[in-house]
Amino acid sequence: MTFRFPESFVWGAATAAHQVEGNNTASDFWLLEHVPGTIFAEPSGDACDHLHRHPEDIALLAGLGFGAYRFSIEWARIEPEEGHFSRSALEHYRRMLSVCAERGLRSCVTYHHFSSPRWVAADGGWESRRTVDRFLRYCERATRALGDRIELACTINEANLPVALALSGVLPRDGTKHRLPFVAEAARRCGSDLARFAPFLIADPFRTRDVMLEAHVRARDVIRGAVARAPRAGVTLAMQDLQAVPGGEARLAEARAESFDLFLDAARGADDFVGVQTYSRTRFGPEGPLPPEPGVPVLVMGYELWPDALEGTLRYAAARSGVPLYVTENGIGTDDDEQRVGYFRGALAALVRAMQSGVDVQGYFAWSLLDNFEWMLGYGPRFGLVSVDRETQRRTPKRSARLLGDVARHGVFDPERFV
Ligand code: BGC
């Protein structure tokens, strides 16, 4: 079976500022990484030094055959102190967008990818409605400076992730911040306390979801209104394929309603697209989420190797939202690039099945361009198409990068040749 993608289909790879740029010192995550007793495996440090090496990285991406780059702009660099907007940070991102254009890459820019300025986290963070107004002001400033060069704008990356992790049993339902002593210490270090300190992923999952939903809905209009030639705007969602075993239907329905539907319903008739981000599946039984199924390989991230998941999430997101979709992240953390090749082969076949069933998918971004900082897990899990030597920062494309780049270049997927 050979599948030819539409001419307009966008192929890219994705990164996020905090995971690749290095030295994001004004952010809440940098603080959390450096507090005694931290649960972060290691600090992000120089990361991939993408702040300085982005011209080389963007050239590499284009050279592999891809046509687009998804990256995030960092609020903590653009507004390191409340109301102080850094012209040089905005100019940096404008230069990045120029490099993309010079290399013939289309741009997909995320305004918030997990990290926030420390001052935001210290003053209510993602549990507080004050953050919505602050986020809107940042989106407006950033779009005025950059918007004419952005094609797709993702307001918030995986705004539903904390709630999705809570519903699948990975996080406690009331969040982790009261349980981890290092968070209280981080709050103290930025002159805050546990009641007011609320970084993404550590804050209360349900309050985070509600604040982020409002932030997204209002930011999408701010972004579309800030410049004459405005980007298309949408949100990206963490969407594991949720499956019920007999008796698990009610728990599955609850997880979908609480984690996906609020965002997909808000997108209907209003967002320009939804970004679907799928890595695996989660099964539900009568008591709730189930552990991995015996016999299915489990990845370093703790979830199953399940590339087929993408078909179910795309079908669900399309049916519920009715808007065009992009796969804004899909990939696998593994040291074995042959396993990555197999994963992408399965995931592209799932993408094709979804498209053949009528789902309007307009692009696919692999996670990730580079081996990068995997948040609490440090540099352990490797998601990159391109490896990065941690001593020298030398980049080496993997075989998976070349195979995926060839699909991107020719717009044709042939599973027989993707081996
Ligand atoms: C996030 C990325 C992360 C990836 C792999 C997604 O949830 O958007 O930042 O690195 O998954 O775990």
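**Entry 1: strand β2 and its partners**

I started with the pairing of β2 and β12 in this predicted model. Strand β12 covers residues 361–367, and 5 bridges join it to β2, the two running parallel. To pin the register down, I looked for one residue pair and found Ala13 with Ala366 as its bridge partner in β12.

I then asked which way β2 pairs with β3. The answer is again the parallel sense, over 3 bridges, with β3 spanning residues 68–72. Here I noted Gly12, whose bridge partner in β3 is Ala68. A reminder to myself: strands of a sheet pair through backbone hydrogen bonds, either parallel or antiparallel.

Next I checked how covered β2 is. The strand takes in residues 10–14, and 5 of its 5 residues are buried. Val10, Gly12 and Ala14 point one way, while Trp11 and Ala13 point the other way. Both sets are buried, so I count neither face as open, given that buried means under 20% relative accessible area.

**Entry 2: a cis bond after β12**

Following β12 to its end, I stopped at Trp367 and Ser368. A cis peptide bond joins this pair, with omega at about 5°. Ser368 belongs to the loop between β12 and β13, the latter being residues 386–388.

**Entry 3: two positive phi angles**

I went looking for residues with positive phi that are not glycine, and I wrote down two.

Asn23 has a phi of about 50° and is not a glycine. I placed Asn23 in the loop between α1 (17–20) and α2 (28–34). Is Asn23 buried or partly exposed? Its relative accessibility is 36%, so Asn23 counts as partly exposed.

Leu201 is the other one I noted, with a positive phi of about 80°. This leucine is found in the loop between α9 (181–189) and α10 (205–226). Leu201 counts as buried because its relative accessibility is 11%.

**Entry 4: a three-stranded sheet with a helix on it**

I turned to an open sheet of 3 strands, in the order β7-β9-β10, where the pairing is mixed. Which strands form the edges? They are β7 (241–244) and β10 (288–289), each pairing on one side only.

For β7 and β9, I read off 4 bridges in the parallel sense, with β9 at residues 281–285. A handy landmark for this pair is Gln243, which stands opposite Arg283 in β9.

I also looked at what lies against the sheet. Helix α11, residues 249–267, packs on it and touches β7, β9 and β10. The direction of α11 makes about 160° with that of β7.

**Entry 5: the cavity**

How many cavities of 30 Å³ or more does the whole structure hold? My search turned up 1. I noted a volume of about 30 Å³ for the largest cavity.

I listed the residues that line it: Leu167, Arg173, Arg251, Glu254, Ala255, Phe284, Gly288 and Pro289. Helix α11 gives the largest share of this lining, 3 residues. Both α11 and β10 supply at least two residues each, which took me back to the helix and sheet of my previous entry, where α11 touches β10.

Finally, I sorted the lining by class and got 4 nonpolar, 1 polar and 3 charged residues. If you have the structure open, Arg251, Glu254 and Phe284 are among the lining residues to pick out on screen.

Key. Residues are numbered from 1 along each chain as its sequence is written. This is a predicted model: local features need pLDDT of at least 70, side-chain atom pairs count only at pLDDT 80 or more; totals for chains, interfaces and linings use all residues. Side-chain values use heavy atoms; hydrogens and water are left out. Two strands pair if DSSP finds at least two bridges between them. Contact means heavy atoms within 4.5 Å. Axes are lines fitted to C-alpha atoms, for helices over the stretch in contact, and angles run from 0 to 180 degrees between N-to-C directions. On a 1 Å grid over the protein atoms alone, a cavity is a set of points where a 1.4 Å probe fits but cannot get out, and a pocket is an open set with protein on both sides within 12 Å along at least five of seven lines; lining residues have an atom within 4 Å of a point. Grid points are joined across faces, edges and corners, and a volume is the space filled by probe spheres set on the points. Ala, Val, Leu, Ile, Met, Phe, Trp, Tyr, Cys and Pro count as nonpolar, Asp, Glu, Lys and Arg as charged, and the others, Gly among them, as polar. Buried means under 20% relative accessible area, exposed over 50%, partly exposed in between (1.4 Å probe, protein chains only).
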